[in-house]
Amino acid sequence: MKFFSTDSPVYKFMIRLWDIVKISLLWLICSIPIFTIGPATVALNKITLEMADETEGYVARDFLKAFKENFKSSILLGLIGVVAFYAVYLDVQFFQATEGNSMFFLVAAIITAFVCGMAFIYAFPLMARYENTTFKTLKNSYDIATRYFLRTLLLALIIAIEIVLFLWNYTLMFIGFLIGPGTIALTVSSFAIRFFREIEKEPGAVSQKEE
């Protein structure tokens, strides 16, 4: 009966999968008012960073605790993210609606998406792990993405593949509804935690914030 043992890989996988379902649903529920998407995403990344570091505890309880603790400090980050990516969406819509498909809007969309992606890809894990201002967090995210550019490109490719898979058909969309947010956040955190550890070893580096 070793297959069903608490030490078996299958058991550990099922526990991890159930944890991802819980935090994904919590993220969706806590993001419903839109203006709370920042605190919800920071809380999500707080848990997935612990998962990547294999130090997670009771994920639902810890998610709600992180959501409450980071509520005020991360609202602005979430709202900036919503506005930034809506700007990318508008550029794409203008490109499609313009007669002759003006390349100006396409180029603007690509540049905006690139800058926003670099600034936000590590922003929520950074805010979950360190105390800093919103704009300093965005700058640090951009700097880390630039420093680890090739690995960040690989991360972006993996995220893109995950999104495509979750949108492939209705069955996968339902699965994506259940595990998508947690899966994507865990993918980002798995890269981010390695970068953070490397940076924390440097002289004069700031350590993570205390619980």
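Student: Which residues of H4 are buried?

Tutor: The model is a predicted one. Helix H4 takes in residues 71-97, and a residue counts as buried when its relative accessible area is under 20%. In H4 the buried residues are Ser74, Ile75, Leu77, Gly78, Gly81, Ala84, Val88, Asp91 and Phe95.

Student: Which helices do the buried residues of H4 pack against?

Tutor: Packing here rests on contact, that is, heavy atoms within 4.5 Å. By that test the buried residues of H4 pack against H2, helix H5 (103-120), helix H6 (123-129) and helix H7 (134-147).

Student: What span from first C-alpha to last does H4 reach?

Tutor: H4 has 27 residues, and at 1.5 Å a residue a span of 39 Å is expected. The value for the model is close to that: 38 Å.

Student: Is Asn45 buried or exposed?

Tutor: Asn45 is found in helix H2. Its relative accessibility is 5%. The cut-off for buried is under 20%, so Asn45 counts as buried.

Student: Which residues is Asn45 in contact with, leaving aside its neighbours within four places in sequence?

Tutor: Asn45 belongs to H2, and its contacts with H9 form part of the meeting of the two helices, where Ala185 and Ser189 are among the H9 residues. With those two included, the contacts of Asn45 are Phe124, Pro125, Ala128, Ala185 and Ser189.

Student: How are H2 and H9 oriented to each other, and why?

Tutor: The axes of H2 and helix H9 (residues 170-200) come within 8 Å and cross at roughly 60°. Angles under 35 degrees count as roughly parallel, and 65 to 115 as roughly perpendicular. The angle of roughly 60° fits neither class, so H2 and H9 are oblique.

Student: How many residues of the contact of H2 with H9 are charged?

Tutor: On the H2 side the contact includes Leu44, Thr48 and Met51, and on the H9 side Pro181, Leu186 and Phe196 are among the residues. The contact residues divide into ten nonpolar and five polar. The number of charged residues is no more than none: no charged.

Student: Is Glu50, also in H2, buried or exposed?

Tutor: Glu50 is found in helix H2, residues 37-52. Leaving aside neighbours within four places in sequence, Glu50 is in contact with Thr55, Glu56, Gly57 and Asp62. With a relative accessibility of 15%, Glu50 counts as buried.

Student: Where does Glu54 lie, and is it buried or exposed?

Tutor: Glu54 is in the loop between H2 and helix H3 (59-69). Glu54 has a positive phi of about 55°, although it is not a glycine. Over 50% counts as exposed, and the relative accessible area of Glu54 is 67%, so Glu54 is exposed.

Student: What phi does Ile34 have?

Tutor: Ile34 lies in the loop between helix H1 (9-30) and H2. At 48% relative accessibility, Ile34 counts as partly exposed. Its phi is positive in a residue other than glycine, and the value is near 70°.

Student: How is H1 oriented to H3, and why?

Tutor: The axes of H1 and H3 come within 9 Å and cross at roughly 30°. Angles under 35 degrees fall in one class, and that makes H1, relative to H3, roughly parallel.

Student: How many residues of the contact of H1 with H3 are nonpolar?

Tutor: Ile23, Leu26 and Trp27 are among the H1 residues that meet H3, where Phe63, Leu64 and Phe67 are included. The contact holds two charged residues and no polar ones. The nonpolar residues number nine.

Technical notes. Residues are numbered from 1 along each chain as its sequence is written. This is a predicted model: local features need pLDDT of at least 70, side-chain atom pairs count only at pLDDT 80 or more; totals for chains, interfaces and linings use all residues. Side-chain values use heavy atoms; hydrogens and water are left out. Helices (H or I, at least four residues) and strands (E, at least two) are DSSP runs, numbered from the N terminus. Buried means under 20% relative accessible area, exposed over 50%, partly exposed in between (1.4 Å probe, protein chains only). The expected span of a helix is 1.5 Å times one less than its number of residues. Axes are lines fitted to C-alpha atoms, for helices over the stretch in contact, and angles run from 0 to 180 degrees between N-to-C directions. Angles under 35 degrees count as roughly parallel, over 145 as roughly antiparallel, 65 to 115 as roughly perpendicular and the rest as oblique. Ala, Val, Leu, Ile, Met, Phe, Trp, Tyr, Cys and Pro count as nonpolar, Asp, Glu, Lys and Arg as charged, and the others, Gly among them, as polar.
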